[in-house]
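Visitor: I'm new to this one and would like to slow down over a single part rather than race through everything. Could you start with the core and then show me what else is worth a look?

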Amino acid sequence: MLPNDSQRPDPDALLAQVQAQEKKAARGRLRIYFGASAGVGKTYAMLAAARKLLADGQDLLVGVVETHGRQDTAAQLDGLPVLPLKAIEYRGKTLYEFDLDEALRRAPALILMDELAHSNVAGSRHPKRWQDVEELLAAGIDVLSTVNVQHLESLNDVVGGITGVRVAETLPDTVFDRADEVVLVDIPADELLRRLKQGKVYQPLQAERASQHFFRKGNLIALRELALRRTADRVQDDVQAYRVEKSINPVWKTGAALLACVGPHAGGEHVIRSTARLASQLNAEWHALYVETPRLQRLPAGQRERILKTLKLAQDLGARTAVNPSADIAGAVVEYARSANISKVIVGRGRAGALARLWHASPAARMASLAPDIDLVEVGLPPADAAPRRAAGEDAEAPRRSSRHWRYILAAGASLATALASVPLQPYLDLANIAMLSLLTVVLVAVRLGRGPAALASLVGVACFDFIFVPPRFSFAVGDFQYVITFGVMLAVGLITGHLTAGLRFQARVASHREARARALYEFSRELSGVLQTEQIFDITKSAIERAFRARATLLLPDDEGSLQAPNGGEPLDIGIAQWAFDHAQAAGTGTDTLPASPIFYLPLIAPMRTRGVLALLPLEGAHRGRWLLVPEQRQHLDTFAALAAIALERVHYIDVAQGALLQMESERLRNSLLAALSHDLRTPLTSLVGLAESLALSRPALSPAQLDMARSLQSETVRMSALVANLLDMARIESGQVRLNLQWQALEEVVGSALRASGPQLQQHAVQTQLAPDLPLVRYDAVLIERVLCNLLENAAKYTPPGSTITVAAGVHGQFLQVTVADDGLGLPPGREEAIFEKFTRGERESNKPGVGLGLAICRAIVEAHGGTIHAQPHAPGQGAAIVFSLPLGTPPAPPEIELDDANDHETGKPT
């Protein structure tokens, strides 16, 4: 083996690295300017870098830059090519967003995209700006962008808890982590506050409010710490990626990660607690590792149970735990530390005596020899009261020791039997061949019984060879010195062969277990990939987990209210424990800290969006059933099964949701098309009928009183039918987006008056009051459509209130909205239907002889929301009437045109102009 073979990269890893580099080469690069808050200078730094690149001849384009009125930032834009923004109509307003299509068409080498977490206006190709950036990167265009720490999804709630302000616009952490470069833009909190007071962050009025809320010094210090830590995490990931790419083995002491070594002795818990305290003091992450050698695999069940509980304790204290099988403890620890770039290893102080230390080096000494660049921290011995517990545990394992004794007896018997069987063959075989038969027995014993019995078999085989075959026979005396060398070589070869064979047996068993777990996961995921029904997931998950973990499994799924449903038949389950695991997204039952007395293990099925159910397992391992739940590797294996099942359940759920939404969309489209066609075809003949009914009432000679009543009834019903058809047609036009708002600044009093006049016939038997505030401002709205809203509300109030009741129209300014209320003193709305009455084809009374098809309020909601407002019903006590309230957003009306002085004088003197 060459000296540098241990540092030679893995060929498969090199191939994957080359493929990743090829894919990355065709993709644009993303650089993010990252800061703690607004005003630290991210956009300024981005523009300064862009100006330098432009001076160097870089082909760049400014896609979106928000200066927020900062003069220094705006000055940096001078001379940079700017992409015109795209105008988008939204709720009657014209908004401007980044023009992705034009940017892709122009295809610059670099584009500037400020505020990466920005939400695009409805009508844009992507709802988020970072999705626009992803498309630019996929097209090979480099991007410079900016992000504040409060916009990272994982830190959004943390920042909200510190500042009291939850930011709605967030960015997935994966986008931040995938960035090719992150530049931290940082200034002290005092400097940022000074800039805020100077008006370099916000305008004076806005800056005053910000300094009293978000921009408090304590908030800024905390946000700065979060930004620095997040950047440090990012840099640590970059360092680790570079080490893997360059196949660097030595540990770089750039972090403060700790590794606690768990051994089979009683001091393991002491090491874990000491490491946890040290990690807390250093504010560092830490790991716990248990190396399982072939000898440790044969430990009594009590000691193995203690090791598993120690690993569980480490996991509960925040460690990342691992169990690595290896025949070399020191080598496995060093390999793990180097792979995770851990610079400090915590070990317990050894209990071996002086003679044992002279005979072989301790694992800690071997670690120091193998990795002189790693710091070793030795923890003192635990309290002496651990010894009695260990002795009691060993006494409980008497049957296990008896089993081990039988293995040694069998090994000695096998060597003795081989020697006796070779006696008849002595005339035909040379002594060297008989020695080979003895070595073969040692190898077979090592394969079947392990290292210790193989060593005993080697000793017994040499003794039998000397006693039976070497002259003088049947005596341990040696007549020729060369046989002493033969005995020594036989013993050494037997011991070495037995050691190597037992080690290979151990490695083969470990590899077999890993292959079985990988195969089980592959088959499970392959079976789940094609299922389309929840029942199939239930059956596949149950059978797969029962095969892999020797446990009876059951899936509990929630209903629409989030309550788990007990399956029919099967194991008796505690639904209360299962519901707790589902609600808290934490495991419960046996092997956990929550209700461990339960014999069943409850594992929540956590999918990316929500918890989809609970997996209940009843282990079937005899007296020690459920112990495998404490093994980190087995628990991770089970968690992977649960995650695959949860994702499959979520996929099936969203398939059902998509199918339902598609069916609803198709039904809605068909209904709208049918209504539009019917209403359009009926409108012309109904208009003719209205005209004929009016002509009939006015015909000459005059109709008799009975005939006149019939003509007027015909006219009334025709007008009502025409209004219904008009409602159907208007609803279809609004939902299809064919209605264009004619927005004008105008007073509300005018449209209220026209609506009252238009609804006069319906309001004849009711008293109408108006309560309009005297100082109502001008509002920008479509007068025809808002009049339609008022008419529908007035007609609704007249229809569902008895004659003689009072209908009130009120209006006033509430915050940033003009609020209009149409109230009555009738019987009120049905309880619990305040929202349902705004749905299409929904009426205030389910069964009623009152005319109408239930479209009036649905049309009102569609019109008001098209204006950017809201509409709702105010609940009242039964019998106290109903009130429908809609709000229209206020704005800043344009200033009235100034009258020139000459024209004003002409008007005052009455001269012609």
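Guide: Let's start inside: the largest nonpolar core has 58 residues, and those with the most contacts within it are Phe34, Phe98, Ile111, Leu136 and Phe215. There's also a second, separate core, made of 36 residues, with Val751, Ala755, Val779 and Leu794 among them. Keep in mind that what you're looking at is a predicted model.

Val779 is a handy stepping stone, so hold on to that name. Leaving out residues up to four places away in sequence, Gln744 touches Val779, along with Arg780 and Tyr781. You'll find Gln744 in strand β17, which covers residues 744–746. Is Gln744 itself buried, exposed or partly exposed? Its relative accessible area is 42%, so Gln744 counts as partly exposed. Its C-alpha atom is separated by 6.4 Å from that of Asp782, although the two residues are 38 apart along the chain. The side chain of Gln744 also has a polar contact, at 3.2 Å, with the side chain of Asn742.

Further along the chain, look for Val813 in strand β20 (residues 806–814). Val813 also has a relative accessible area of 42%, so it counts as partly exposed. Setting aside neighbours within four places in sequence, Val813 is in contact with Pro777, Leu818 and Leu890. Between the C-alpha atoms of Val813 and Ala773 there are 8.2 Å, while 40 residues separate the pair along the chain.

Now for the charged side chains. How many salt bridges does a search of the whole structure find? It finds 20. Take Arg129 and Glu97, whose side chains meet in a salt bridge with 3.7 Å from N to O. This pair ties together distant parts of the chain, with Arg129 in helix α5 (residues 129–138) and Glu97 in strand β4 (residues 93–97), 32 residues apart. Both Arg129 and Glu97 are buried.

Another bridge joins Arg29 and Asp180, whose closest N and O atoms are 3.8 Å apart. Here too distant parts of the chain are linked: Arg29 sits in the loop between α1 (11–25) and β1 (30–35), Asp180 in the loop between α7 (173–178) and β7 (181–184), and their positions lie 151 residues apart in the count. Arg29 has a relative accessible area of 43%, so it's partly exposed. Asp180 is partly exposed as well, at 23% relative accessibility.

For a bridge inside one helix, go to Glu865 and Arg861, with closest N and O atoms 3.9 Å apart. Both belong to helix α28 (residues 856–866), where they are four residues apart, or about one turn of the helix. Glu865 is partly exposed at 37% relative accessibility, whereas Arg861 is buried at 18%. Salt bridges can also join up: Arg27, Glu134 and Arg178 are linked in a network of them.

Next, a helix to trace from end to end. Helix α19 (residues 431–449) has 19 residues and reaches 27 Å from its first C-alpha to its last, close to the 27 Å expected at 1.5 Å a residue. Its buried residues are Ile434, Ala435, Ser438, Leu439, Thr441, Val442, Val445, Ala446 and Leu449. They cover an arc of only 150 degrees around the axis, so they end up on the same side of α19. Over on the other side of α19, Leu444 and Arg448 are exposed. Just after the helix, Gly450 has a positive phi of about 110 degrees.

Positive phi turns up beyond glycine, too. Asn341 has a phi near 55 degrees, and its place is the loop between α14 (329–339) and β11 (344–348). With a relative accessibility of 11%, Asn341 counts as buried. Ala585 has a positive phi of about 55 degrees even though it isn't a glycine. You'll see Ala585 in the loop between α23 (575–584) and β14 (588–589), where it counts as partly exposed at 33% relative accessibility.

Methods: Residues numbered from 1 in each chain as written. Predicted model: local features only at pLDDT ≥ 70, side-chain atom pairs only at ≥ 80, totals over all residues. Heavy atoms only, no water. Salt bridge = Lys/Arg side-chain N within 4 Å of Asp/Glu carboxyl O. Helix = DSSP H or I, 4+ residues; strand = E, 2+ residues; numbered from the N terminus. Buried < 20%, exposed > 50% of the residue type's maximum accessible area, 1.4 Å probe, protein only. Expected span 1.5 Å × (residues − 1). Arc of directions from axis to C-beta. Contact = heavy atoms within 4.5 Å. Polar contact = N/O pair within 3.5 Å; in protein donor to acceptor, adjacent residues only side chain to side chain. Core = buried A, V, L, I, M, F, W, Y, C linked by side-chain atoms within 4.5 Å.
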